[in-house]
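I opened these notes to record what I looked up in one structure, entry by entry. The topics are loops, overall form, helices, cores and cysteines.

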Amino acid sequence: ALFSMVCAELIREVVNGTDLDINRWFLDDGNLYGKVTEVAKAWNIICEKGPNFGLYAVVKKCELYWPSGSGKGRELFPKEIKVMKGGVVILGSPLGDEQFVNLYFEDKRVKLVKLLDKLKTSTSVLGHQSVFLLLTKCLSFCKFVYNARTLHPSVFNCFATRFDNLILDCFCFL
């Protein structure tokens with residue numbers, strides 16, 4: 001609770017010192033949208049006043065994104081901040097153009113295939129029941145439901161089919 005209260009104080013500073021279109025936070029993960037000058041003001045407030053609260057911006061984890069792709073005002077931010085092209089991932093959900101979303105899910109699919117292959121080879125050590133529980137509770141349904149609820153069906157349906165086939169294949173192996 002103390003951490004949340006400290007974050008709330010810094011967020012109040014940002015709200016009072018800027019005119020952002022959107023200023024949304026989940027604990028210490030902030031999403032700031034608006035004119036680039038207002039986002040830069042928010043960045044400066046976070047960097048200048050955050051340490052007073054024991055909060056420091058981790059530049060390596062920060063991302064900038066211009067939906068227009070213009071990059072106008074890039075010089076207002078540290079050059080170490082990553083500039084995203086085509087979209088962003090917000091709380092695990094890809095938002096962007098079709099290529100960006102496709103690349104995101106292809107990366108997830110490749111990682112899932114590797115994980116499922118390891119899981120299949122673990123049945124002799126873990127047993128079928130443990131592998132079944134890992135598959136149902138950790139690797140499939142929760143991730144599927146989250147993405148299904150955060151993305152438009154027209155975007156997610158083709159990935160859902162591929163995902164289902166991978167999970168079904170692993171079930172068949174058991």
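**Entry 1. Two loop residues.** I began with Leu-27, which lies in the loop between strand 1 and strand 2. The model is a predicted one, and in it the phi of Leu-27 is near 55°, a positive value in a residue that is not glycine. I then asked whether Leu-27 is buried or exposed. Its relative accessibility is 43%, so I noted Leu-27 as partly exposed.

I looked up Leu-91 next, in the loop between strand 5 (87-90) and strand 6 (93-96). Leu-91 also is not a glycine, and its phi is positive, about 50°. With a relative accessible area of 49%, Leu-91 is partly exposed, because that class runs between 20% and 50%.

**Entry 2. The chain as a whole.** I counted six helices and six strands in the protein chain. Read from the N terminus, their order is α-β-β-α-β-β-β-β-α-α-α-α. I noted a radius of gyration of 20 Å for the protein chain, where a compact globule of 174 residues would have one near 16 Å. The C-alpha trace spans about 55 × 40 × 25 Å along its principal axes. Of the 174 residues, 30% count as buried. I also looked at contacts between residues at least 6 apart in sequence: 47% of them join residues at least 24 apart.

**Entry 3. Helix 2 and the largest core.** Helix 2 has 14 residues and reaches 20 Å from its first C-alpha to its last, close to the expected 20 Å. I listed its buried residues as Glu-38, Val-39, Ala-40, Ala-42, Trp-43, Ile-45 and Ile-46. What do these buried residues pack against? They pack against helix 1, strand 1 (22-26) and strand 2 (29-33).

The largest nonpolar core has 16 residues, and those touching the most other members are Val-14, Leu-20, Trp-43, Leu-64, Phe-77 and Ile-81. Two elements give two or more residues to this core, namely helix 1 (2-17) and helix 2 (36-49). Helix 2 gives the most, with six residues. I followed Trp-43 further: leaving aside residues up to four places away in sequence, Trp-43 touches Ala-57, Val-59, Cys-62, Phe-77, Pro-78 and Ile-81. Apart from this core I found another, of 10 residues, which includes Leu-116, Leu-119, Phe-163 and Leu-166.

**Entry 4. Helix 6.** Helix 6 (residues 153-173) has 21 residues, and its first and last C-alpha atoms are 29 Å apart, close to the 30 Å expected at 1.5 Å a residue. Where is helix 6 kinked? I placed the kink, of about 25°, at Phe-159, on which it is centred. Phe-159 is also one of the buried residues of helix 6, the others being Phe-156, Ala-160, Phe-163, Leu-166, Ile-167 and Cys-170.

**Entry 5. Cysteines.** I searched the whole structure for disulfides and the result was zero. Why does Cys-172 form no bond with Cys-170? The sulfur of Cys-170 is the closest cysteine sulfur to that of Cys-172, but at 9.3 Å it is too far for a bond, since a disulfide requires sulfur atoms within 2.5 Å. Cys-172 counts as exposed, because its relative accessibility is 68%, whereas Cys-170 is among the buried residues of helix 6. Cys-158, at 38% relative accessibility, counts as partly exposed.

Conventions:
Residues are numbered from 1 along each chain as its sequence is written. This is a predicted model: local features need pLDDT of at least 70, side-chain atom pairs count only at pLDDT 80 or more; totals for chains, interfaces and linings use all residues. Side-chain values use heavy atoms; hydrogens and water are left out. Buried means under 20% relative accessible area, exposed over 50%, partly exposed in between (1.4 Å probe, protein chains only). Helices (H or I, at least four residues) and strands (E, at least two) are DSSP runs, numbered from the N terminus. The expected span of a helix is 1.5 Å times one less than its number of residues. The bend at a residue is the angle between axes fitted to the seven residues ending there and the seven starting there. A nonpolar core is a set of buried Ala, Val, Leu, Ile, Met, Phe, Trp, Tyr and Cys residues joined through side-chain atoms within 4.5 Å. Contact means heavy atoms within 4.5 Å. The radius of gyration is taken over C-alpha atoms; the globule rule is 2.2 Å times the number of residues to the power 0.38.
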